[in-house]
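Grab a pencil and work through a few exercises with me. Each one sets a task and then walks to the solution step by step.

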Amino acid sequence: MAAPIEFEVTYEPSSPVVTVQATGLNDKTLSVKVTGLDLSKVIFHPKTPLSAVLSGLVNDLAGKAPGIVKGKVTGLSPDIGLDKPIGCDIPIGSSTVHVGLASPELAAHGDMLMISGTADVS
């Protein structure tokens, strides 16, 4: 039987944050571009005797991980699918009025995403 090589992996910061910029919006998708990742360190903590022997080498290699990961994800432009178009249904008596967003436009309001457009009432 082979000896196990096990590590516990931690990150600095412990919960890395991916920063995205909204670049487009339509009824079906929000388009974003990854602009940053605050991952500074990946650390492998040995959990077995054999992994303790290899931890120096493994952590030397892990030192390159943040730069490689940042290089791979920064600049990606995924589309995030929307379950339904932006809007709402308002019940009025026995009828329902749908208020949707026509010609959505993206902007910033401070450090928050702002979506504006023309109301489409049906």
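**Exercise 1: The aromatic pair**

Phe44 is partly exposed, because its relative accessible area is 24% (buried means under 20%, exposed over 50%, partly exposed in between, with a 1.4 Å probe and protein chains only). Before going on, note that this is a predicted model, where local features need pLDDT of at least 70, side-chain atom pairs count only at pLDDT 80 or more, and totals for chains, interfaces and linings use all residues. Residues are numbered from 1 along each chain as its sequence is written, and side-chain values use heavy atoms, with hydrogens and water left out.

*Task.* Find which residue forms an aromatic pair with Phe44, and describe the pair.

*Solution.* Start with the rule: rings of Phe, Tyr and Trp (its six-membered ring) pair if their centres lie within 6.5 Å; planes under 30 degrees apart count as stacked, over 60 as edge-to-face and the rest as tilted. Searching the whole structure with it turns up one aromatic pair. The partner is Phe7: the centres are 5.7 Å apart and the planes meet at 85°, so the pair is edge-to-face.

Next, place the two rings. Phe7 sits in strand E1 and Phe44 in strand E4 (residues 41-46), 37 residues apart, and the pair links distant parts of the chain. (Strands are DSSP runs of E, at least two residues, and helices are runs of H or I, at least four residues, numbered from the N terminus.) Last, check exposure: Phe7 is partly exposed too, with a relative accessible area of 21%.

**Exercise 2: The first sheet**

*Task.* Work out the strand order of the open sheet that contains E2, E3 and E5.

*Solution.* First, the pairing rule: two strands pair if DSSP finds at least two bridges between them. Now count. E2 and E3 run antiparallel and are joined by seven bridges, with Val20 having Val34 in E3 as its bridge partner. A hairpin of three residues connects E2 to E3.

Then look at the other side of strand E3 (residues 29-37), where three bridges pair E3 with E5, again in the antiparallel sense. Ser31 stands opposite Asp79 in E5.

Put together, the order is E2-E3-E5, an open sheet with antiparallel pairing. Strands E2 (18-25) and E5 (79-81) are the edges, since each pairs on one side only. From one strand to the next, the twist averages 40° (axes are lines fitted to C-alpha atoms, for helices over the stretch in contact, and angles run from 0 to 180 degrees between N-to-C directions).

**Exercise 3: The other sheet**

*Task.* Now do the open sheet that holds E6, E7 and E8: which are the edge strands?

*Solution.* Take strand E6 (residues 87-92) and strand E7 (residues 95-109), which pair in the antiparallel sense over six bridges. Cys88 stands opposite Val99, and Asp89 has His98 as its bridge partner. Two residues lie between the strands in this hairpin, where Gly93 takes a positive phi near 60°.

Move on to strand E8 (residues 112-121), joined antiparallel to E7 by nine bridges. Here Leu106 stands opposite Ile115. The hairpin of E7 and E8 also has two residues between the strands, and Gly110 has a positive phi near 65°.

The order is therefore E6-E7-E8, and the edges are E6 and E8, each pairing on one side only. Direction ignored, neighbouring strands are turned by 30° against each other on average.

**Exercise 4: Backbone oddities**

*Task.* Where is the cis peptide bond, and what is the phi of Ser103?

*Solution.* Begin with the background: most residues other than glycine have a negative phi, and most peptide bonds are trans. The bond from Glu12 to Pro13 is cis, with omega near -5°. Pro13 is in the loop between strand E1 (7-12) and E2. As for Ser103, its phi is positive, near 50°. Ser103 lies in strand E7 and counts as exposed because its relative accessible area is 55%.
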